[in-house]
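Dear colleague,

Please find below the structure that I am handing over to you. I would be grateful if you could read the notes after it with the structure open beside them.

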Amino acid sequence: MNGVHDLGGTDGLGPVVVEQDEPVWHAEWEKAAFALFATNFRAGLFNVDMFRWGIEQMHPAYYLLSPYYEHWMHTAEHYAIKGGAIDPSELEAKTQYYREHPDEPLPERTDPDLLAFVDAAVKGGAPARRESDAAPAFQVGDRVTVTQDSPHKHTRKARYIRGKTGVIEQSHGTFIYPDSAGNGRGDDPKHVYTVKFTNAELWGADNAEPNGVVYFDAWEPYLVPAAVPAEGATR
Amino acid sequence: MTRSEITPSPDVTVPRSEAEIAARMKALEALMIEKGIMTTEAVDRLAEIYENEVGPQLGATVVAKAWTDPEFKARLLANATDACAEMGIGGLQGEDMVAVENTDDVHNVVVCTLCSCYPWPVLGLPPNWYKQPAYRSRIVREPRAMLRDEFGHDVPESVEVRVWDSSAELRYMVLPQRPPGTEDKSEAELAELVTRDSMIGVAPVRV
């Protein structure tokens with residue numbers, strides 16, 4: 001999706017606002033929004049790629065202006081409704097209830113298995129690496145070009161690298177392919193490579209900062225062999 | 001091919017108030033508890049982990065060890081996931097980690113332009129600025145200017161600036177340079193000097 005989330009190279013978004021001694025949580029609701037990622041993943045309502053895809057479909061103006069963890073609320077809410085776990089009307093009714101009674105407590109429930117899951121997930125992680133018999137199409141040192149096409153749905157092929165040519169710097173093995181898993185079509189593992197692009201290649205010689213490169217991790221289907229050999233290339 | 005699956009509701013172009021967000025989140029949490037998916041204990045436990053147990057203090061111990069143990073440093077740069085695991089560090093959003101080394105000739109800086117990917121096991125949860133559009137948009141385009149203007153870190157033109165966009169499931173941390181004048185410090189004293197920002201790559205380690 002050519003969405004607002006795909007921010008690399010966008011100009012005019014203002015200064016960075018650095019908060020000194022920033023706390024981990026800025027409000028109580030952020031803790032619950034953060035927890036939704038783990039608890040609703042465990043409930044099978046989404047995978048991490050679908051989670052990102054839900055965020056990417058927020059209204060662009062709202063995406064840019066809303067607090068970060070509200071993005072997580074948005075995607076968790078979307079998949080809870082889509083997965084049939086909750087009904088939009090009950091969510092609206094419950095929201096109205098807490099608007100009017102903000103200090104009313106939450107329902108009580110204990111779940112030792114969920115607590116154990118939380119600790120195990122934080123320590124053990126949720127690896128995206130997947131075995132595959134497919135041989136890598138590219139080797140370290142190969143020159144590759146990123147394909148130009150614009151998928152409608154979830155992809156990690158950022159716009160600022162499309163059509164650009166770089167060099168394979170590292171080959172990492174096979175991982176879940178977001179263009180499949182994020183769109184509900186299974187893991188479909190693909191090779192992942194770190195590709196090095198020069199600043200001049202990405203932004204044009206007249207606009208680029210000197211002496212700099214950007215590394216981008218790309219799944220194999222994003223790449224094709226570069227058309228022009230590297231002979232005396234300045235890129 | 002269908003396009004967006006989600007039709008934005010009419011009210012979502014206007015930012016919600018904190019009170020409105022809190023009510024909405026509380027409603028969602030209440031429903032998730034009623035459906036047997038969530039508990040307040042799980043929320044509190046996750047909050048506590050990233051507030052008190054997993055944070056940049058862990059990454060700082062990795063950096064200090066790399067500064068004082070050349071063999072560990074070599075293992076860290078070869079395979080950061082395995083090297084961190086030696087120290088009992090690893091897990092969610094750090095299943096496959098990569099450490100990149102700052103030198104006299106190279107300065108590294110980490111970003112995620114597409115969302116906010118960040119190496120949680122070594123740095124904890126990211127600060128707000130790392131997740132904001134201003135940082136994610138510009139650091140790949142003008143890293144040198146941004147480091148100077150926004151973070152007060154002037155990287156000489158003779159030093160190559162390498163930006164790592166965490167676009168897949170690899171998670172990057174910067175191994176900053178050990179500051180001069182720290183030869184007599186212990187590993188534990190060195191770890192206290194290492195900041196979160198130095199491991200993202202927006203600041204040097206200062207004595």
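The notes that follow describe chain A, the packing of its helices, the domains of chain B, and the empty spaces. Please bear in mind throughout that this is a predicted model.

Chain A

The secondary structure of chain A consists of 8 helices and 5 strands. Followed along the sequence, these elements occur in the order α-α-α-α-α-α-β-β-α-β-α-β-β. The C-alpha trace of chain A extends over about 70 × 45 × 35 Å along its principal axes.

Helix packing

Two packed helices are described by the angle between their axes and the distance between the axes. Helix 1 of chain A appears in two such pairs, one with a helix of chain B and one with a helix of its own chain.

In the pair between chains, helix 1 of chain A (residues 28-42) packs against helix 1 of chain B (residues 18-34) at an angle of about 35 degrees, and the axes are 9 Å apart. This crossing is left-handed. On the side of chain A, the contact is made by A:Trp29, A:Ala32, A:Ala33, A:Leu36 and A:Asn40; on the side of chain B, by B:Glu18, B:Ile21, B:Ala22, B:Met25, B:Leu28, B:Glu29 and B:Met32. By class, the residues of this contact comprise 9 nonpolar, 1 polar and 2 charged.

Within chain A, helix 1 also packs with helix 6 (residues 112-124), at an angle of about 115 degrees and with the axes 11 Å apart. The crossing of helix 1 and helix 6 of chain A is right-handed. Here A:Ala38, A:Thr39, A:Phe41 and A:Arg42 of helix 1 meet A:Asp113, A:Leu114 and A:Phe117 of helix 6. The residues of this contact divide into 4 nonpolar, 1 polar and 2 charged.

Domains of chain B and the largest pocket

Chain B is assigned two domains: domain 1 (16-53) and domain 2 (56-200). Their C-alpha centres are 30 Å apart.

Where does the largest pocket lie with respect to domain 1 and domain 2 of chain B? Both domains give residues to its lining, so the pocket lies between them. Its volume is about 610 Å³. Of its 33 lining residues, A:Glu19, A:Glu22, B:Pro127, B:Arg196 and B:Asp197 are the closest to the centre.

Several helices of chain B each supply at least two residues of this lining: helix 2 (40-53), helix 3 (56-68), helix 7 (128-131), helix 9 (143-151) and helix 11 (196-200). Helix 2 of chain B gives the most, with 4 residues. The lining of the largest pocket has 14 nonpolar, 8 polar and 11 charged residues.

The cavity

Rolling a probe the size of a water molecule over the atoms shows where empty space is left. The structure holds 1 cavity of 30 Å³ or more, and the volume of the largest cavity is about 280 Å³. Its lining is made up of 22 residues, and those nearest its centre are A:Arg52, A:Tyr68, A:Trp72, B:Cys115 and B:Ser116.

In chain A, helix 2 (48-56) and helix 4 (68-82) each supply at least two residues of the lining of the largest cavity. Helix 2 of chain A provides the largest share, 5 residues. Sorted by class, the lining of this cavity has 14 nonpolar, 4 polar and 4 charged residues.

Yours sincerely

How values were computed: Residues numbered from 1 in each chain as written. Chains lettered and ligands numbered in written order. Predicted model: local features only at pLDDT ≥ 70, side-chain atom pairs only at ≥ 80, totals over all residues. Heavy atoms only, no water. 1 Å grid on protein atoms, 1.4 Å probe; cavity = no way out; pocket = protein on both sides within 12 Å on 5 of 7 lines; lining within 4 Å. Points joined across faces, edges and corners; volume = space filled by probe spheres on them. Nonpolar A, V, L, I, M, F, W, Y, C, P; charged D, E, K, R; others polar. Domains from an automatic or database assignment. Axes fitted to C-alpha atoms, helices over the stretch in contact; angles between N-to-C directions. Left-handed = near helix turned anticlockwise from the far one by under 90°. Contact = heavy atoms within 4.5 Å.
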